[in-house]
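Reader: Before we discuss the assignments, please show me the sequence and the structure.

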Amino acid sequence: MASQQHLEKMQLRQNYRNLWHTDLLRTIQVDAPYCCFAVWCAPCVSYLLRKRALYDDMSRYTCCAGYMPCSGRCGESKCPEFCLCTEVFCCFGNSVASTRFLLQDEFNIQTTQCDNCIIGFMFCLQQLACICSIIALIVGSDEIQEASQLLSCLADFVYCSVCACMQTQHKVEMDKRDGKFGPQPTMAVPPVQQMSRMDQPVPPQVGYAPQPAYGQPYGYPPAPPASYGYPAPGYPPAAAYPPAAGYPTAAYPPPGYHPSGPN
């Protein structure tokens with residue numbers, strides 16, 4: 001039952017629409033000192049961030065923020081500070097992930113594709129290092145052993161770097177929550193004149209005034225446009241003089257005309 005609820009939460013988290021204030025790639029640029037602090041004192045930072053995420057109310061604390069099967073069964077209500085210390089030192093990775101899920105569920109924050117790729121690369125590298133270590137133990141080759149050790153060091157370096165960036169990302173998000181960046185603009189309906197409508201007047205043109213069409217004298221209105229296949233109203237103009245008596249009315253084509261020649 002609990003696992004089904006966690007699965008539903010994970011599926012619901014994929015539909016969140018808000019974004020982190022800063023992504024993992026820019027956390028060093030946004031707050032480099034705190035990122036260095038998160039590298040060298042990672043458990044302490046995890047402790048401070050979890051406490052801050054709970055608004056400094058440790059009565060709300062639950063082991064791993066309620067996202068693990070052991071949550072609520074470790075005596076957190078009796079000594080939450082000690083339980084949190086134990087969590088950040090013994091289960092550091094889970095403590096960072098739990099704080100992240102806690103903030104995401106509170107503010108409906110989604111994880112971008114870039115962040116997912118970075119976190120996925122970290123996990124894949126750790127799994128690859130573990131597999132290479134097992135192969136090195138089975139084969140007993142010194143070259144494979146050295147390669148597995150180098151890969152393990154690389155995986156640990158990436159793990160510490162990504163966790164530091166994640167914790168800095170959480171800190172920046174809570175700075176935004178607590179108003180340390182100043183008042184945030186609220187979403188509002190745009191004014192009427194800025195909305196696209198059919199009855200909205202066309203804004204004045206910039207530059208030169210429009211010139212009359214070629215052959216159209218100044219001061220005269222343009223001729224009314226003609227619909228396709230039909231003459232415009234009042235066209236052709238009436239003849240100024242009536243035709244003379246007995247003079248045949250001009251017609252085109254003349255009577256009896258055939259394209260192949262006269263009949």
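Reader: How do you know that the span of helix α6 (residues 92–107) agrees with its number of residues?

Author: This is a predicted model, in which local features need pLDDT of at least 70, side-chain atom pairs count only at pLDDT 80 or more, and totals for chains, interfaces and linings use all residues. Residues are numbered from 1 along each chain as its sequence is written, and side-chain values use heavy atoms, without hydrogens and water. Helices are DSSP runs of H or I with at least four residues, numbered from the N terminus. The expected span is 1.5 Å times one less than the number of residues. For the 16 residues of α6 that gives 22 Å, and the end C-alpha atoms are 23 Å apart, so the two agree.

Reader: Why is C83 called buried, whereas C36 is called partly exposed?

Author: Buried means under 20% relative accessible area, exposed over 50%, and partly exposed in between (1.4 Å probe, protein chains only). C83 has 12% relative accessibility and therefore counts as buried. C36, at 44%, counts as partly exposed.

Reader: Why is C36 not assigned to a disulfide?

Author: A disulfide is a pair of cysteine sulfur atoms within 2.5 Å. The closest cysteine sulfur to that of C36 belongs to C35 and lies 6.1 Å away, so the pair is too far apart for a bond. C83 is likewise in no disulfide, with the sulfur of C79 as its nearest at 6.1 Å. The count by this rule is 0 disulfides.

Key: Helix = DSSP H or I, 4+ residues; strand = E, 2+ residues; numbered from the N terminus.
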